[in-house]
Amino acid sequence: METKNSKFQNFLDKFTEVSVKVGNQVHLRSLRDAFATIMPMFILAGLAVLVNNVIFPWFLKGDMLAKFQVFGNVITNGTLNIASILIAPMIAYFLSRNKNYENPIAATAIATSGLFIMMAMNHTVTALDGKTTVDVAGIVTYSELGTQGMFAGIIVGLLATEVFIKLTKVKFLQINFGKQVPPAVGKSFSVLLPAMITLSGLAVISALFISVLNTDLITIISTMIQEPLRKVNTSLPGYLLIYSTGNFLFTLGIHQTVINGSLLDPLMLVNMNENMSAVNNGQAPQHIINSAFQTVYAQMGGTGGTIALIVAVLLFVKYKPYRDVIGLSVAPGLFEINEPIIFGLPIVFNIPMMIPFVLSPVIGAIIGYFATAVGFVQPLTVMVPWTTPPILSGILASGGDFKVALLQVIIIAVTALFYLPFLKISERVSRAQAEALNQE
């Protein structure tokens, strides 16, 4: 038994070590920081979609409704529809900071310029009648600036920044005018050659794509990288595997965003943005698994669906240490903050509680997915802050569909019953450990 325990502990130690390295990887960390920075804009877009398509239609019709909906449309244009040019400079900024580069603002300018260099020169656009198509040169469309171009923004932000920072460290490429020029001018000239070389390199690649292959980077990334990756990671099996792995990490004391923030969040955000855009354009949303899906179905009360654990303890458990911890956890738990439970109950390294913590979100996700797939509810179309309390989150994310709130109640009830036997086992273990300590 001791050998088996030792092997299991060695596995956990090795798994933890690898996970920490992945979580601290500078590019993944920069990606998470960048998305966290622009997230308020996407939440605002979700609220604009809610106002445009749920609130305004309550009391407005026809032309007057269309005029009022301009409010939400311009917010969408300034948030969702420019996602690529929001993410590229943010990644450049945080990657520069995480690499301790002294001039991160210069890197953001390079990334933004580089993204536009990589865009198509000509576009086929649809006229206002919705039928006629016209070839147009010299424009940039919201479609390539928005969701479709998000992965291009990520790749250009990472690549351009890496090349630029490396070139600025090459001494013979640095132009130094000394202290006789203003600092801002000196800084701009010190990176002049690295900036020119970086952008020229991107221009060569873009010219080859456009002139030789008759395509562009955004189209290539969308068809060859973004779409295949999205189909796998936001399918039900892919989502459950990745999200459960992230939750397992949390039971080892490593925050689940180490995995989920890198592999899931960007792709779910693309799905979320496309759902919001579809509703804004009067179309049906297509993506079941998106950012709101996780908040509403898989992550109620925080990672691990611990709002159900709170309910289970309050209704069925008399063990005072557990009730004391839960008493302190109710208020933050309503707003998806569950660290008091994770580290106070604890769930971390508590084998009986690790199992329901990892699997309860799977139950919630499966119930939410199949309820949507069979048409009981529609795919969620409003992005809500992850701190939105359960029930309210379902009503808001669905644009006022109370059937989604009913689903949340069902998920809480089912997962509370699922938590209960493991709680009883954990309680017995805790009592036995306390008795052993008292006898020493």
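Biologist: What share of the area that the chain exposes do carbon and sulfur atoms supply?

Modeller: This is a predicted model, in which local features need a pLDDT of at least 70 and side-chain atom pairs count only at pLDDT 80 or more, while totals for chains, interfaces and linings use all residues. Residues are numbered from 1 along each chain as its sequence is written, and side-chain values use heavy atoms, with hydrogens and water left out. Accessible areas come from the Shrake-Rupley method with a 1.4 Å probe, and for residues only the protein chains shown count as cover. The chain exposes about 21,100 Å², and the share supplied by carbon and sulfur atoms is 68%.

Biologist: How many helices and strands are in the chain, and what percentage of its residues is buried?

Modeller: Helices (H or I, at least four residues) and strands (E, at least two) are DSSP runs numbered from the N terminus, and the chain has 20 helices and 2 strands. Buried means under 20% relative accessible area, exposed means over 50%, and partly exposed lies in between, with a 1.4 Å probe and protein chains only. Of the 440 residues in the chain, the buried ones make up 50%.

Biologist: At which residue does helix 3 bend?

Modeller: Helix 3 covers residues 62-77 and reaches 22 Å from its first C-alpha to its last, which is close to the 22 Å expected at 1.5 Å a residue, where the expected span is 1.5 Å times one less than the number of residues. A bend is the angle between axes fitted to the seven residues ending at a position and the seven starting there. In helix 3 this angle is about 30°, and the residue is valine 70.

Biologist: Which helices are among the elements that cover the buried residues of helix 3?

Modeller: The buried residues of helix 3 are Leu65, Gln69, Gly72, Ile75 and Thr76. Contact here means heavy atoms within 4.5 Å. What covers these residues includes helix 2 (26-59) and helix 13 (265-280).

Biologist: How many residues of helix 13 are buried?

Modeller: Helix 13 reaches 22 Å from its first C-alpha to its last, close to the 22 Å expected, and just after this helix glycine 282 takes a positive phi of about 75°. Helix 13 itself is mostly covered, and of its 16 residues the number buried is 14.

Biologist: Phenylalanine 56 and phenylalanine 59 both lie in helix 2, so which of the two counts as exposed?

Modeller: Rings of Phe, Tyr and Trp (its six-membered ring) pair if their centres lie within 6.5 Å, and planes under 30 degrees apart count as stacked, over 60 as edge-to-face and the rest as tilted; a search of the whole structure finds 12 such pairs. The rings of phenylalanine 56 and phenylalanine 59 have centres 6.3 Å apart and planes at 85°, so this pair is edge-to-face. The two residues are 3 apart, about one turn of helix 2, and ring pairs link both with Phe68 and Phe71 into a cluster. Phenylalanine 56 counts as buried because its relative accessibility is 11%, whereas the one that counts as exposed, at 53%, is phenylalanine 59.

Biologist: How many residues apart in sequence are the parts that the pair of phenylalanine 250 and phenylalanine 357 ties together?

Modeller: This aromatic pair is edge-to-face, with 6.3 Å from centre to centre and 80° between the planes. Phenylalanine 250 is buried at a relative accessible area of 3%, and phenylalanine 357 is buried at 0%. Because phenylalanine 250 lies in helix 11 (residues 236-251) and phenylalanine 357 in helix 18 (residues 351-373), the separation in sequence of the parts tied together is 107 residues.

Biologist: Is asparagine 214 buried or exposed?

Modeller: Most residues other than glycine have a negative phi. Asparagine 214 has a positive phi near 55° and lies in the loop between helix 9 (192-211) and helix 10 (217-233). Because its relative accessible area is 69%, asparagine 214 is exposed.

Biologist: Which residue is joined to leucine 345 by a cis peptide bond?

Modeller: Most peptide bonds are trans. Here omega is about -5°, and the partner is found in the loop between helix 17 (339-344) and helix 18. The residue joined to leucine 345 is proline 346.

Biologist: How far apart in space are valine 317 and leucine 420?

Modeller: Valine 317 lies in the loop between helix 15 (306-316) and helix 16 (320-334), and counts as buried because its relative accessible area is 1%. Leaving aside neighbours within four places in sequence, its contacts include Leu420, Leu423 and Glu427. Valine 317 and leucine 420 are 103 residues apart in sequence, and their C-alpha to C-alpha distance is 8.5 Å.
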